[in-house]
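Ready for a few short exercises? Take a look at the molecule below, then try each task before you read its solution.

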Amino acid sequence: MDPLRRGYLSALTANVLWGVFPLYFHALRPAGAVEVLAHRVVWSLLTMVLVIAAIRHWRRVGGLLKQTKRMAGLAAAAVLIAVNWGVYIFAVNTDRVVEASLGYFINPLFVILLGVLVLRERLRPVQWTALGIGAVAVVVLSVDYGHLPWIALTLAASFGCYGLVKKRLGLPAAEGLLLESGVLTLPALVYLFWLTNQHESTFGTVSTWHSVMLAGSGLLTAVPLLLFAEAANRVPLSGLGILQYLTPTLQLIIGVAIFSEPLPPARLAGFVIVWLALALFSWDAFRVARRNRAERNAAAAPHDETAAAPA
């Protein structure tokens, strides 16, 4: 298969899997959000141990463990992704999948804000406009909910900050997930041990299928992440960005069509405003990418003509 087509297929598969996560986590009831999170951490570690063993990257892992600063950053990333996972599972368990989907629609706008606040980036006027429209959407949704949409904002903030930390660390996907899971595994095991002693654990007590699904949460975590990592090496950033909107779109559809969550007119208006901000942001990104590409081609043209001339 053509590498570019394989990359798009990997990206599409990863985003579809992330998009249908609500169906999986909903099926894990009556397990609570913290129990599901703890199992996800433990089984992710075991899954990644098998993956690292298969690709024989233990030397890389050992090298990372000796880098104190990178391990400190990785511990911060682990906490951020644990918050993201935990809040997301809580949203599914409390029938707030629609609000969770909003968080991932907002995430690109939050990433822009991080660029300004943390990286001191200068925004183009269109980007400032998109941020302003996004802020209006949050106000509209806050009025509709009667409070700030904290689930959406927490998901956007935690995932945005996680992405920033991971970008600075520059870790490979497999080794990064292994070490992040390793950081979180001890507290996860302590919690599961306590839950078992309290006779409140659902693992091994509800049904065999329920236990298999809890264990499968590790594989469910690893597969789309590894697929996306492969896609990132083959697909242009603009293509990846557009495909990432598939995840919250599927989550929104599942929340409304399958779980029958309400989407009153005022809330729908808030989503439409967010989509308008994203459309503006995407248009600007494509415009700038096309302009930069044209400038690179123009700069390379004289060089190419010289190189092609006979000696």
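**Exercise 1.** Leaving out residues up to four places away in sequence, which residues does F25 touch?

*Solution.* Keep in mind that this is a predicted model. Start at F25 and skip its sequence neighbours: the residues it touches are V36, R40, Y88, I89, V92 and N93. Next, look at the nonpolar core. The largest one has 49 residues, and F25, L28, V36, Y88 and L155 have the most contacts inside it. Now see who contributes: among the elements that give two or more residues to this core are helix 2 (21-26), helix 3 (33-55) and helix 8 (150-169). The largest share, twelve residues, comes from helix 5. Another core lies apart from it, with 24 residues, including V98 and V138.

**Exercise 2.** Find S181 and decide: is S181 buried or exposed?

*Solution.* First, go to helix 9, where S181 lies. Then check its relative accessible area: it is 2%, and buried means under 20%, so S181 is buried. Finally, look around it. Setting aside neighbours within four places in sequence, S181 is in contact with V41, S44 and L45.

**Exercise 3.** Trace the salt bridge between R29 and D95, and say where in the chain each partner sits.

*Solution.* The two side chains meet at 2.9 Å, N to O. R29 is in the loop between helix 2 and helix 3, while D95 is in the loop between helix 5 and helix 6, so to speak a link between distant parts of the chain, 66 residues apart. As for accessibility, R29 is partly exposed at 32%, and D95 is partly exposed at 40%. A search of the whole structure finds seven salt bridges.

**Exercise 4.** Work out which residues are joined with D284 into one network by salt bridges that share partners.

*Solution.* Take the bridges one by one. D284 meets R124 in a salt bridge of 2.7 Å, N to O. That pair spans 160 residues, from helix 13 (residues 265-308) to the loop between helix 6 and helix 7. D284 also meets R287, at 2.5 Å, N to O. Here both partners lie in helix 13, three residues apart, about one turn of the helix. Put the two together and you get one network of R124, D284 and R287. Now compare the accessibilities: D284 is buried at 0%, R124 is partly exposed at 28%, and R287 is partly exposed at 32%.

Definitions and conventions
Residues are numbered from 1 along each chain as its sequence is written. This is a predicted model: local features need pLDDT of at least 70, side-chain atom pairs count only at pLDDT 80 or more; totals for chains, interfaces and linings use all residues. Side-chain values use heavy atoms; hydrogens and water are left out. A nonpolar core is a set of buried Ala, Val, Leu, Ile, Met, Phe, Trp, Tyr and Cys residues joined through side-chain atoms within 4.5 Å. Buried means under 20% relative accessible area, exposed over 50%, partly exposed in between (1.4 Å probe, protein chains only). Helices (H or I, at least four residues) and strands (E, at least two) are DSSP runs, numbered from the N terminus. Contact means heavy atoms within 4.5 Å. A salt bridge is a side-chain nitrogen of Lys or Arg within 4 Å of a carboxyl oxygen of Asp or Glu.
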